[in-house]
Amino acid sequence: MIHMCGTDYYYRHMPLLAEKLDEIVPVPSPTRTHFANSGTEAVETALKLAMHATGREKFIAFFNSFHGRTLGSLSLTSSKAAQRLGFKRQALDVVHVPYPNEFRNPFNATDCGDGGASQGALNWIEERLFKTTTPPEEVAAIVVEAVQGEGGYVPAPKDFLKGLRRICDAHGILLVVDEVQSGMGRTGKMFACEHYGVKADIVCIAKGIGSGLPIGVCVSRADLMDWKPGAHASTFGGNPVCIAAALKTIELLEGGLVRNSAEVGAYLKGGLEKLQKKYDCIGDVRGMGLMIGVEFVEDRPSLKPAPDLRDRIEVACFERGLIILGAGANSIRWSPPLILTKENVDVALEIFDEAIMASI
Ligand SMILES: Cc1ncc(COP(=O)(O)O)c(C=O)c1O
């Protein structure tokens, strides 16, 4: 069966997947789930739900974030001006905060106190936004990527999500974690949130969950998703083929691919760190599991971003048979299939090494 429209009919695999997600998603059980067709739709669901559940309409998001390109999610997205140019004003009332990038801390010493970039971002929210433009009692949700994806493969600092959780709890704000890119085993745990020991109120999932088939999922605390039938729905969302793909994907992830992501990811990261010692143009190697960012700079003393060099290396890799992709202005993302072996890594690192050598 290809299609049945979950808005009007039932099909047992749909609740089966929702039950499975209730077990594994970092949202306190019981949860409710909405099935859509893409990441951006999962985010739209989260935004609508946050407004519906809180009766508030402001959002806090982060610079360099990517949450999708439909009008609601585009109001959050802030990784490249090209994504917004021509589309006029933001559809939603979103205020952006610098993301606590530990390699390029955007905050000054006064913002940070002793707590580094993480404290800088938390102080920015509490001391600047809440006291000036954005009263906390009007904020529906804070939307965050645990590891910024399009923004350059930048993991949040260790204690940052806990800090956001504390702020949200203090003010009745919902914490929405976008795991569209970082979820489903990508970081060596099922969800990136798990590295931070934090549970969200709402989690958005897409990409990896369908192993290539189009499915987006928004999982929320059950008490929040109490909207009436008809409030939100999708004709193709959760069609039987994609649900079957997601169920099988989770089985494979639990059967070993999450572990593989952690093990082979650590091996890959070790190899990239060795290359960092060899090349002055590698400013930073960061990430978890098979979600690793390599940031290129002109040289290590200056740490000046080297976007052209990054582009040349990307092409040089392609010409040698290694497909990688940029992320952010001057980083390369390593986001390989989770079935990757250490032997594959050896080949990839050899090509990467050659490509850097040929490009500098
Ligand atoms: C973190 C994150 N959220 C949302 C999206 C949007 O997903 P889609 O392209 O499936 O709409 C993306 C896509 O890159 C993403 O990385």
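These legends describe close-up views of a predicted model.

**View 1. The ligand and its shell of residues.** The shell consists of Ser38, Gly39, Thr40, Phe66, His67, Gly68, Glu145, Glu150, Asp178, Val180, Gln181 and Lys207. By class, two of the shell residues are nonpolar, six are polar and four are charged.

**View 2. Polar contacts to the ligand, including those of phenylalanine 66, aspartate 178 and lysine 207.** Phenylalanine 66 takes part through its backbone: an N or O atom there lies 3.4 Å from a nitrogen atom of the ligand. Aspartate 178 uses its side chain, with an N or O atom 2.7 Å from a ligand nitrogen. The side chain of lysine 207 places an N or O atom 2.8 Å from an oxygen atom of the ligand. On its own the ligand has 390 Å² of accessible area, and the protein covers 82% of that.

**View 3. Backbone geometry at lysine 207.** Lysine 207 sits in the loop between strand E8 (202-205) and strand E9 (216-221). Its phi is positive, near 30 degrees, and the residue is not a glycine. Most residues other than glycine have a negative phi. Lysine 207 also belongs to the residues around the ligand.

**View 4. Cysteine 5, ahead of helix H1.** Cysteine 5 lies in the segment before H1. Here too phi is positive in a residue other than glycine, at about 65 degrees. Cysteine 5 has a relative accessible area of 12%. The cut-off for buried is under 20%, so cysteine 5 counts as buried.

**View 5. A cis peptide bond between serine 29 and proline 30.** Omega is near 0 degrees for the bond from serine 29 to proline 30. Most peptide bonds are trans. Proline 30 is placed in the loop that runs between helix H1 (13-24) and strand E1 (31-36).

**View 6. The largest nonpolar core.** This core has 88 residues. Those touching the most other members are Leu21, Leu164, Ile205, Leu272, Phe296, Trp334 and Phe352. Helix H7 (residues 240-278) supplies the largest share, ten residues. A second, separate core has 24 residues, among them Ala46, Leu76, Leu92 and Val176.

**View 7. Phenylalanine 296 and its contacts.** Residues up to four places away in sequence are left out. Phenylalanine 296 then touches Cys281, Ile282, Lys304, Pro305, Ala306, Leu309, Arg310, Ile313, Asn330, Ile332, Phe352 and Ile356. Of these, Phe352 is also listed with Phe296 among the core residues that touch the most other members.

**View 8. Serine 75 in helix H3.** Helix H3 spans residues 71-76 and holds serine 75. Serine 75 is buried because its relative accessibility is 1%, below the 20% cut-off. Its side chain reaches the backbone nitrogen of leucine 92 at 3.0 Å. Beyond neighbours within four places in sequence, serine 75 is in contact with Arg84, Gln90, Ala91, Leu92, Val94 and His96. Leu92 is also a member of the second core.

**View 9. Valine 147 in strand E5.** Strand E5 covers residues 147-148. Valine 147 has 3% relative accessibility and therefore counts as buried. Its contacts, not counting residues up to four places away in sequence, are Tyr99, Tyr153, Val154, Pro155, Ala156, Ser182, Thr187, Ala192, Met288 and Met291. Valine 147 and methionine 184 are 37 residues apart in sequence. Their C-alpha atoms are 13 Å apart in space.

Technical notes
Residues numbered from 1 in each chain as written. Predicted model: local features only at pLDDT ≥ 70, side-chain atom pairs only at ≥ 80, totals over all residues. Heavy atoms only, no water. Helix = DSSP H or I, 4+ residues; strand = E, 2+ residues; numbered from the N terminus. Buried < 20%, exposed > 50% of the residue type's maximum accessible area, 1.4 Å probe, protein only. Core = buried A, V, L, I, M, F, W, Y, C linked by side-chain atoms within 4.5 Å. Contact = heavy atoms within 4.5 Å. Near = heavy atom within 4 Å. Polar contact = N/O pair within 3.5 Å; in protein donor to acceptor, adjacent residues only side chain to side chain. Areas by Shrake-Rupley, 256 points an atom, 1.4 Å probe, with all protein chains shown as cover. Nonpolar A, V, L, I, M, F, W, Y, C, P; charged D, E, K, R; others polar.
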